[in-house]
Structure formats: structure tokens, C-alpha cells
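Me: Please take me slowly through one part of this structure, beginning with a single residue and working outwards to whatever surrounds it. I am in my first year, so I would rather have longer, careful explanations than a quick list.

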Amino acid sequence: MRIFLCLIICVLLTSCGTTFVDYDYDTKVDFSKLTSYNYDFSESTGLLEFDERRVVKYTDSMLQSRGYIKAETNDFFIKITSEEYETRSRNTLGVGVGGGGGGGTVGVGVSGGIPIGGPERHLKMVVTVYKALGNQATVWEAICESDIKVKAKPDKRDAHFKKLVEKIFNKFPPEQ
């Protein structure tokens with residue numbers, strides 16, 4: 001019974017605050033020829049200013065550790081777009097009423113869930129990599145969804161966005 005209880009607790013803890021990332025890329029592109037990058041800020045990223053700085057800082061760190069160079073004349077651009085949205089809390093308190101009896105009587109049961117906690121905030125971020133020259137075609141894209149804490153302190157937000165960028169660029173460049 002203890003093992004089962006520990007297993008349930010572990011599942012609950014790992015399911016909270018998850019981050020999902022989907023990737024797609026052009027299989028015809030030779031990513032080894034892309035060596036320098038810069039950002040496309042022609043449109044708003046949708047992030048708060050400090051969060052945008054965090055994403056850029058960790059993206060630079062990750063790409064430069066892999067040998068990419070940030071340059072004015074570059075091979076590819078990185079475009080970041082995002083949106084925040086709210087959902088109703090998935091946490092509920094269950095209440096049930098039941099009845100039954102012996103001797104062939106029929107049992108009746110009623111249950112319901114009472115939502116606890118306020119609305120939950122989520123972030124959807126799209127990171128698009130496209131060629132700087134020619135037709136500027138998209139060559140790689142990641143779509144990331146994560147939970148965000150509205151009242152998180154700067155150090156917690158910093159850690160959150162560092163982890164987010166690591167997950168986003170985990171499969172860049174793609175293995176071909």
C-alpha cells in the first residue's frame with residue numbers, strides 16, 4: 001500500500017507545472033551550413049520586457065555554446081512570438097453521496113466536483129528559425145506550452161525561462 005501511495009504522489013508531483021514542446025523542420029535543409037544568427041524583433045514577442053531579456057540571454061548562451069555566432073550578417077533569424085492564456089483550475093474537491101442496500105434493492109449514487117483555486121495561467125511560445133537570405137523560408141520551429149506562476153519572484157522566473165529555453169532548443173539543430 002505504501003508503494004502505491006508513493007507512486008501516486010510521484011505522478012502528481014511530476015504532472016504539475018509541465019512543459020510541452022513540439023518540433024518541426026525542413027528535412028531538405030543542411031543545418032551544418034547555418035553558423036550565424038540574429039533575432040527578428042520586427043513584431044512584438046508578446047513577452048514582458050524582462051522575460052524577453054531572459055529568453056534572449058539563455059538562447060544566446062545555448063546557441064553560442066554549440067558554436068553559433070551572433071552577427072549582423074547572419075545565416076538565420078530567430079523569431080519569438082508568445083501569448084498568455086487562462087484556464088479554469090483543474091483541481092477539484094470531490095463530494096459524493098451514495099446509497100444501497102441488500103436483498104435486491106437498487107443503489108443510487110451522486111457525485112460532483114467543486115473547483116478549488118483560481119484560474120491557471122499558461123504561456124504558449126513559438127520559436128521560428130528562418131533563413132536570412134533568399135526566400136527567408138522557415139527551416140525549424142518549436143511550439144512550447146508551459147504553466148506560469150503569476151506572482152513568481154525574479155529568480156524563479158529566471159529559472160523557469162532558462163529551463164524553457166533548454167527544452168525548446170533541445171532538438172536544435174535537428175538530427176538528420
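**One residue and its surroundings**

Reply: Val56 lies in helix α2, and we can use this residue as our starting point, keeping in mind that the model is predicted. Val56 has a relative accessible area of 15%, and because the cut-off for a buried residue is under 20%, Val56 counts as buried. What does Val56 touch, once residues up to four places away in sequence are not counted? The answer is Tyr39 and Phe41. A further sense of the fold comes from Ile80, which is 24 residues from Val56 along the chain, while the C-alpha atoms of the two are separated by 9.5 Å.

To see where these neighbours belong, we need the sheet. Six strands make up an open sheet, arranged in the order β1-β8-β7-β4-β2-β3, and their pairing is mixed. At the edges stand β1 (19-25) and β3 (69-70), and because each has a single partner strand, one side of each is left without a neighbour in the sheet. Helix α2, which covers residues 49-65, packs on this sheet and touches β2, β3, β4 and β7 (120-131), and its direction makes about 175° with that of β2. In general, the strands of a sheet pair through backbone hydrogen bonds, either parallel or antiparallel.

Strand β2 deserves a closer look. Three bridges join β2 (residues 36-39) to β4 (residues 76-87), and these two strands run parallel. Two bridges join β2 to β3, and that pair runs parallel as well. Tyr37 shows both pairings, since this residue stands opposite Phe76 in β4 and has Lys70 as its bridge partner in β3. The side chains of β2 point in two directions: Ser36 and Asn38 point one way, whereas Tyr37 and Tyr39 point the other way, and all of them are buried. Tyr39 is also one of the residues that Val56 touches, which brings us back to the place where we began.

Now we can follow the chain from β2 towards the helix. Thr45 lies in the loop between β2 and α2, and at 2% relative accessibility this residue counts as buried. The side chain of Thr45 makes a polar contact, at 2.6 Å, with the side chain of Glu52, and Glu52 falls within the residues 49-65 of helix α2. A polar atom of the Thr45 side chain also lies 3.2 Å from the backbone nitrogen of Leu47. Leaving aside neighbours within four places in sequence, Thr45 is in contact with Glu52, Ile80, Thr81 and Ser82. Ile80 has therefore come up a second time, as it is also the residue whose C-alpha atom is separated by 9.5 Å from that of Val56.

On the other side of β2 in the sequence, Leu34 is placed in the loop between β1 and β2. With a relative accessible area of 9%, Leu34 is buried. Which residues does Leu34 touch, not counting those up to four places away in sequence? They are Val29, Tyr68, Asp75, Phe76 and Val139. Among these, Asp75 is 41 residues from Leu34 in sequence, yet the two C-alpha atoms are 5.5 Å apart in space. Phe76 is familiar too, being the residue of β4 that stands opposite Tyr37.

Finally, it helps to set this part within the whole chain. The chain has three helices and eight strands, and along the sequence they follow the pattern α-β-β-α-β-β-β-β-β-β-α. Another of the helices, α3 (residues 154-168), lies across β1, β7 and β8 (138-148), and runs at about 145° to β8. Of the 176 residues in the chain, 30% are buried, and among contacts between residues at least 6 apart in sequence, 74% join residues at least 24 apart. As for the confidence of the prediction, the mean pLDDT of the chain is 83, and 72% of its residues reach 70 or more. Residues 10-16 call for caution, since pLDDT stays under 50 there and the model has zero contacts for them beyond four places in sequence.

Notes:
Residues numbered from 1 in each chain as written. Predicted model: local features only at pLDDT ≥ 70, side-chain atom pairs only at ≥ 80, totals over all residues. Heavy atoms only, no water. Pairing = 2+ DSSP bridges. Helix = DSSP H or I, 4+ residues; strand = E, 2+ residues; numbered from the N terminus. Contact = heavy atoms within 4.5 Å. Axes fitted to C-alpha atoms, helices over the stretch in contact; angles between N-to-C directions. pLDDT = per-residue confidence, 0-100. Buried < 20%, exposed > 50% of the residue type's maximum accessible area, 1.4 Å probe, protein only. Polar contact = N/O pair within 3.5 Å; in protein donor to acceptor, adjacent residues only side chain to side chain.
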